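Visitor: Please take a close look at the largest pocket and its surroundings. A connected account would be most useful.

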Amino acid sequence: MEEFSKLLHEGLLLAAFVPGEIPVGFAGAFIVDNWLHIAEADVHPIWQRQGIGRQLMNALLSEGKRRGLTGASLTTDRYAPFNAPFYASLGFQIAEGRVIPPRLRELLTAEVASGLNPQRRVAMQLFY
């Protein structure tokens, strides 16, 4: 709940609803160093593969572009079947080695420190 509150008050938080005002997904981002950083995006499994996640992501990306930001970034699981490939379909590219900006390198380091497998983590970015 703390992360949601931070996204709501300090970032961007979008939610998707189906008829009956039932929430089925969300996407949230922060603006850091003139970049839109996607913090989290998720759609309930029953509602996945229906374009809801793509609509949420496109809305976030459009808002970042409207604000004149440099681009968008995120970290994700390199090998999950629908993570990195989904983001690549939106125009994100994997940033590896020396091209990883310090802010993304710090995020990856923090994720590993919290217990995530460093071989599975990847940074991605999209330039507007």
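**The pocket and its surroundings**

Guide: Ala41 is partly exposed, with a relative accessible area of 25% (buried is under 20%, exposed over 50%, and partly exposed in between, with a 1.4 Å probe and protein chains only). The model is predicted: local features require pLDDT of at least 70 and side-chain atom pairs 80 or more, while totals for chains, interfaces and linings use all residues. Residues are numbered from 1 along each chain as its sequence is written, and side-chain values rest on heavy atoms, with hydrogens and water left out.

Ala41 belongs to strand S3 (helices, H or I of at least four residues, and strands, E of at least two, are DSSP runs numbered from the N terminus). Ala41 is also among the residues that lie nearest the centre of the largest pocket, together with Glu40, Asp42, Phe86 and Tyr87. Between Ala41 and Phe86 there are 11 Å from C-alpha to C-alpha, although the two are 45 residues apart in sequence.

The largest pocket holds about 960 Å³ of space and has a lining of 32 residues. A pocket here is an open set of points on a 1 Å grid over the protein atoms alone where a 1.4 Å probe fits, with protein on both sides within 12 Å along at least five of seven lines; lining residues have an atom within 4 Å of a point. Its volume is the space filled by probe spheres set on the points, which are joined across faces, edges and corners.

Several elements give two or more residues to this lining: helices H1 (2–10), H2 (52–66), H3 (84–89) and H4 (102–113), and strands S2 (22–32), S3 (35–43) and S4 (71–77). The greatest contribution to the lining comes from S3, with seven residues. In terms of class, the lining has 15 nonpolar, nine charged and eight polar residues (Ala, Val, Leu, Ile, Met, Phe, Trp, Tyr, Cys and Pro count as nonpolar, Asp, Glu, Lys and Arg as charged, and the others, Gly among them, as polar).

How far may these elements be trusted? The chain has a mean pLDDT of 92, and 100% of its residues reach 70 or more (pLDDT is the predictor's confidence in each residue, from 0 to 100). Of the two lining helices H1 and H2, H1 has the lowest confidence in the chain, at a mean of 80, and H2 the highest, at 96.

Aromatic rings also deserve attention. Phe86 and Tyr87 are linked with Phe92 into a cluster by ring pairs (rings of Phe, Tyr and Trp, the last by its six-membered ring, pair if their centres lie within 6.5 Å; planes under 30 degrees apart are stacked, over 60 edge-to-face and the rest tilted). Three aromatic pairs are found in the whole structure. Trp35 and Phe127 form an edge-to-face pair, with 5.1 Å between centres and 75° between planes. Because Trp35 lies in S3 and Phe127 in strand S6 (residues 121–127), this pair ties together parts 92 residues apart in sequence. Trp35 is buried, at 9% relative accessible area, whereas Phe127 is exposed, at 56%.

S6 also contains Ala123, which is buried at 1% relative accessibility. The C-alpha atoms of Ala123 and Pro101 are separated by 9.3 Å, with their positions 22 residues apart along the chain.

Two loops adjoin S3. Asn34 is placed in the loop between S2 and S3 and is partly exposed, at 37%; Arg49 is found in the loop between S3 and H2 and is exposed, at 81%. Asn34 has a positive phi, near 65°, and phi of Arg49 is likewise positive, near 65°. Most residues other than glycine have a negative phi.
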